[in-house]
Amino acid sequence: MSSDAQTSSDGAQGGVAAVSREWYDALRHPKRIHLLAALENGSHTLEELVDTIAAREPVDRDEIRIELVHNHLPRLADHGIIEWDGEIACRTVERSFPIADLSELLEGGDRVDGRTLETLVHPVRTQLYAMLAELDRAVSVETLAAELIDRDVDSLSERSEARLALYHVHLPAMTDVGAVEFDPRSGMVRGPNRSTPSTN
């Protein structure tokens, strides 16, 4: 099974910038995020994965099993995200992709809908969400733009281009679904559950 992960100069597995857009398309479903979150702890049998989904959704187990076997698990396997032999599934590679953070966000119940995942599972926005989730402070748009350029995210090559995309596209979209807090006047951004300092 082929892998589109890259290795950086320090030997770490390549990150979000190395992931194809088709890979993101495969993850735009809450069940797939929850499946991958479970698989971060090692391989699971089909029945264990059915248990994982059944604990979150009041749906018949047979219905869940059919959906996993005929939709979600094969699709994740087709994109090289997991290995699936019909009985056992496991993650194939480690990527700097905030699966656990997204899974936790989806626990928000009524405040989170399909639009949230559709918005966040995107080459730039997923990287931004991961970056901000790691910080205990707010950062400036300038800082985020520079970091995106350094990480070679989504073909962004100029800081001014990245800054405009953040101001006018990505941060407003992420703010709209409650994933970040963004003050266009100060140019400061904070991730979930972070306090906002006055300066960066």
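The questions and answers below concern a predicted model of a protein.

User: How many helices and strands does the protein have?
Analyst: The chain has 200 residues, of which 44% count as buried. Its secondary structure amounts to nine helices and six strands.

User: In the sheet that holds β1, β2 and β3, which strands stand at the edges?
Analyst: The three strands form an open sheet with antiparallel pairing, in the order β1-β3-β2. β1 (44-45) and β2 (82-84) each have a single partner strand, so one side of each is left without a neighbour in the sheet. The edge strands are therefore β1 and β2.

User: Which residue of β3 is the bridge partner of Thr-45?
Analyst: β1 and strand β3 (residues 88-91) run antiparallel and are joined by two bridges. At one position His-44 stands opposite Ala-89. The bridge partner of Thr-45 in β3 is Ile-88.

User: Which residue in the turn between β2 and β3 has a positive phi?
Analyst: β2 and β3 run antiparallel, joined by three bridges, and Glu-83 has Cys-90 of β3 as its bridge partner. The two strands form a hairpin with three residues between them. The turn residue with a positive phi, of about 100 degrees, is Gly-86.

User: Which side chains of β3 point to the buried face?
Analyst: Side chains alternate along β3. Ile-88 and Cys-90 point to one face and are not buried. The buried ones, pointing to the other face, are Ala-89 and Arg-91.

User: What angle does the direction of helix α2 make with that of β3?
Analyst: α2 (residues 30-39) packs on the sheet and touches β1, β2 and β3. The helix is mostly covered, with nine of its 10 residues buried; among them are Lys-31, Arg-32 and His-34 as well as Ile-33 and Leu-35. The angle between the directions of α2 and β3 is about 80 degrees.

User: At what angle do the axes of α8 and α9 cross?
Analyst: Two packed helices are described by the angle between their axes and the distance between the axes. For α8 (residues 141-150) and α9 (residues 159-176), the axes come within 9 Å. The crossing is right-handed, and its angle is roughly 115 degrees.

User: How many nonpolar residues does the contact of α8 with α9 have?
Analyst: From α8 the contact includes Val-141, Leu-144 and Leu-148, and from α9 it includes Ala-162, Leu-166 and Leu-171. Charged residues also take part, including Glu-142 of α8 and Arg-159 of α9. By class there are three charged residues and no polar ones, and the nonpolar count is 10.

User: In the sheet of β4, β5 and β6, which residue is the bridge partner of Val-139?
Analyst: This open sheet has the order β4-β6-β5 with antiparallel pairing. β4 (139-140) and β5 (181-183) stand at the edges, each with a single partner strand. Two bridges join β4 to β6 (residues 188-190), and the partner of Val-139 in β6 is Val-189.

User: Is the pair of Tyr-167 and Phe-182 stacked or edge-to-face?
Analyst: A search of the whole structure finds one aromatic pair. The ring centres of Tyr-167 and Phe-182 are 5.5 Å apart and the planes lie at 65 degrees. Planes over 60 degrees apart count as edge-to-face, so the pair is edge-to-face.

User: Which parts does the aromatic pair tie together?
Analyst: Tyr-167 is partly exposed at 27% relative accessibility, whereas Phe-182 is buried at 14%. The parts tied together are 15 residues apart in sequence, because Tyr-167 lies in helix α9 and Phe-182 in strand β5.

Conventions: Residues are numbered from 1 along each chain as its sequence is written. This is a predicted model: local features need pLDDT of at least 70, side-chain atom pairs count only at pLDDT 80 or more; totals for chains, interfaces and linings use all residues. Side-chain values use heavy atoms; hydrogens and water are left out. Axes are lines fitted to C-alpha atoms, for helices over the stretch in contact, and angles run from 0 to 180 degrees between N-to-C directions. Helices (H or I, at least four residues) and strands (E, at least two) are DSSP runs, numbered from the N terminus. A crossing is left-handed if the near helix is turned anticlockwise from the far one by less than a right angle, and right-handed if clockwise. Contact means heavy atoms within 4.5 Å. Ala, Val, Leu, Ile, Met, Phe, Trp, Tyr, Cys and Pro count as nonpolar, Asp, Glu, Lys and Arg as charged, and the others, Gly among them, as polar. Two strands pair if DSSP finds at least two bridges between them. Rings of Phe, Tyr and Trp (its six-membered ring) pair if their centres lie within 6.5 Å; planes under 30 degrees apart count as stacked, over 60 as edge-to-face and the rest as tilted. Buried means under 20% relative accessible area, exposed over 50%, partly exposed in between (1.4 Å probe, protein chains only).
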